[in-house]
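I open this notebook to record what I looked up in one protein chain. The entries begin with a single residue and move outward to the chain as a whole.

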Amino acid sequence: MAQESGKRKKPNILVTGTPGTGKTTMSTALAEATQLNHINIGDLVKEKKLHDGWDDELDSYILNEDLVCDELEDIMEEGGNIVDYHGCDFFPERWFDCVVVLQTDNSVLYDRLSKRGYKDSKLSNNVECEIFQILLEEAKESYAEDKVVALKSDNIEDISRNVATLTDWIRNWSIPV
């Protein structure tokens, strides 16, 4: 996990992973532990209408990446943010000091998504995404290798351990000289 920023006094962290891996749960706990600002992109898109409508097939909003980045630019420059989203390749690399990819065992993920009421096609699409580690590869292709870390997220113990690890990292983070 690299340490890099321009004038930020606090780091920015991106938490990504397949839907159902615990991004929001872990990001919320990490924000509480560190007093960093948690930004859930899905909620932001809905609240600020940063989308191009609804996709019936995917059962989700069509994210307008330019509007999202414009909305976040000033906030990200200030630092101290935990951004929570299932994609990562459209955010500017300079925004993040650490990119966390949460990974979950396929059977655990299947159960979580089933409980959310995901349709069969959406459920299998997301489980396949996890099997093939699509989001980890996307993160590795989009960010410097030393910024990307994959963390297991199967249960509450994993989440607690991840929050503790990242809290320590944040505590030890410093602006490069």
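**Entry 1: one residue.** I began with E65, which lies in helix α3. The model I am reading is predicted. I then asked how far E65 is open to its surroundings, and found a relative accessible area of 39%. I recorded E65 as partly exposed because that value falls between the 20% under which a residue is buried and the 50% over which it is exposed.

**Entry 2: the patch around it.** Which residues form a negative surface patch with E65? I listed D66, D70, D89, E137 and E141 as its partners. I next looked up which elements give two or more residues to this patch, and noted α3, covering 65-78, and α6, covering 134-142. Of the elements involved, α3 gives the most, with three residues.

**Entry 3: the fold along the sequence.** I turned to the whole chain and found seven helices and seven strands. Reading along the sequence, I wrote down their order as β-α-β-α-β-β-α-β-β-α-α-α-β-α. I then looked up the radius of gyration, which is 16 Å and close to the 16 Å that the globule rule gives for 177 residues, so I described the chain as being as compact as a globular protein of that length.

**Entry 4: extent and burial.** For the dimensions, I noted that the C-alpha trace spans about 50 × 35 × 30 Å along its principal axes. What share of the 177 residues counts as buried? My entry for the chain reads 47%. E65 does not belong to that share, as I had recorded it as partly exposed.

Notes. Residues are numbered from 1 along each chain as its sequence is written. This is a predicted model: local features need pLDDT of at least 70, side-chain atom pairs count only at pLDDT 80 or more; totals for chains, interfaces and linings use all residues. Side-chain values use heavy atoms; hydrogens and water are left out. Patches are made of residues with over 30% relative accessible area and no salt bridge: like charges are joined within 9 Å, nonpolar side chains (Val, Leu, Ile, Met, Phe, Trp, Tyr) within 5 Å. Accessible areas come from the Shrake-Rupley method with a 1.4 Å probe; for residues, only the protein chains shown count as cover. A salt bridge is a side-chain nitrogen of Lys or Arg within 4 Å of a carboxyl oxygen of Asp or Glu. Lys and Arg count as positive and Asp and Glu as negative; His and the chain ends are not counted. The place of a charge is taken as NZ of Lys, CZ of Arg, CG of Asp or CD of Glu. Helices (H or I, at least four residues) and strands (E, at least two) are DSSP runs, numbered from the N terminus. Buried means under 20% relative accessible area, exposed over 50%, partly exposed in between (1.4 Å probe, protein chains only). The radius of gyration is taken over C-alpha atoms; the globule rule is 2.2 Å times the number of residues to the power 0.38.
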